[in-house]
Amino acid sequence: IRDTSKVGTVTALIPLVTLRTNLMSLRDILQNDDVFSKNNVITKTKAALTFTKNEQSSKSVGIIPSREEDFKRLFDAYSEQVSYKQKFLDQNAFLVYYTKGYDGPGRDSLEKDVVNERQTLQFGARNEAWISWDDFLAEWEFVSSSSSGNKDDINDAFTDMIKYLSNTIDAVDGYLKLSPAEDLQAAEQEIAIG
């Protein structure tokens, strides 16, 4: 059971800002490579994916999750909950569609209420971030397990890794823009102090 007492708080936002910082650090590590080689990419990516301490502080920043549940859990801790009504509508979409939301004589349509747009955008950005991150991990797996030393294939995969990583960062940024600016600023300051 999920603890919803911190949903929408700065405390729940801090891990997401940390995630964005870690993703940006990973991209910097991968892009600041003067001499391209497969082993260098693998070594740098492994190091970036497994770091557990921020060099500038003693506070643990954790790893970038590589499992879908762990990755999405960071977002879900801050995201608005899906309402019971929305769950009902989603689970009974066929019935709601063909009855046009009819809920009995003299009652308003089930579809009358405005959908929680912020929650929809949050979950969309979360899912987009995961898809891009999963694509990055797949490319990384290809590069790290590739027995052929074909430089063009590795170079293409590396280019795709950077693209997917940038897409992940963009999706996380899109999610963070949905939070109040003062909360985002407070979370960033907390990390900077950390």
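Student: In what order do the elements of the protein run from the N terminus on?

Tutor: The model discussed here is a predicted one. It contains 8 helices and 0 strands. From the N terminus on, the order of the elements is therefore α-α-α-α-α-α-α-α.

Student: What share of the residues of the protein counts as buried?

Tutor: A residue is taken as buried when its relative accessible area is under 20%. Of the 194 residues of the protein, the share that meets this criterion is 34%.

Student: What percentage of the contacts in the protein with a separation of 6 or more comes from residues 24 or more positions apart?

Tutor: One pair of residues far apart along the chain is L176 and R20, which are 156 residues apart in sequence; L176 touches R20. Among contacts in the protein with a separation of 6 or more, residues 24 or more positions apart account for 77%.

Student: Is L176 buried or exposed?

Tutor: L176 is located in helix α7. Its relative accessible area is 1%, and the cut-off for burial is under 20%. L176 is therefore buried.

Student: Which residues does L176 touch, leaving aside those up to four places away in sequence?

Tutor: The C-alpha atoms of L176 and R20 are separated by 9.2 Å. Leaving aside residues up to four places away in sequence, the residues touched by L176 are L13, L16, V17, R20 and L184.

Student: Where do the buried residues of α8 lie, seen down the axis of the helix?

Tutor: Helix α8 covers residues 181-193 and reaches 18 Å from its first C-alpha to its last, close to the 18 Å expected. In α8, the residues D183, L184 and A187 are buried. Seen down the axis, the buried residues fall within an arc of 100°, so they line one face of the helix.

Student: Which exposed residues are carried by the face of α8 turned away from its buried side?

Tutor: The cover over the buried residues of α8 includes α1 (10-31) and α7 (151-176). The face turned away from that buried side carries the exposed residues A181, E182, A192 and I193.

Student: How are α3 and α6 oriented to each other?

Tutor: Helix α3 (residues 68-76) and helix α6 (residues 117-145) pack with their axes 10 Å apart, at an angle of about 150°. The contact involves residues including F71 and F75 of α3 and W130 and W133 of α6. Their crossing is right-handed. Angles over 145 degrees count as roughly antiparallel, and α3 and α6 are therefore roughly antiparallel.

Technical notes
Residues are numbered from 1 along each chain as its sequence is written. This is a predicted model: local features need pLDDT of at least 70, side-chain atom pairs count only at pLDDT 80 or more; totals for chains, interfaces and linings use all residues. Side-chain values use heavy atoms; hydrogens and water are left out. Helices (H or I, at least four residues) and strands (E, at least two) are DSSP runs, numbered from the N terminus. The expected span of a helix is 1.5 Å times one less than its number of residues. Buried means under 20% relative accessible area, exposed over 50%, partly exposed in between (1.4 Å probe, protein chains only). The arc is that of the directions from the helix axis to the C-beta atoms. Contact means heavy atoms within 4.5 Å. Axes are lines fitted to C-alpha atoms, for helices over the stretch in contact, and angles run from 0 to 180 degrees between N-to-C directions. Angles under 35 degrees count as roughly parallel, over 145 as roughly antiparallel, 65 to 115 as roughly perpendicular and the rest as oblique. A crossing is left-handed if the near helix is turned anticlockwise from the far one by less than a right angle, and right-handed if clockwise.
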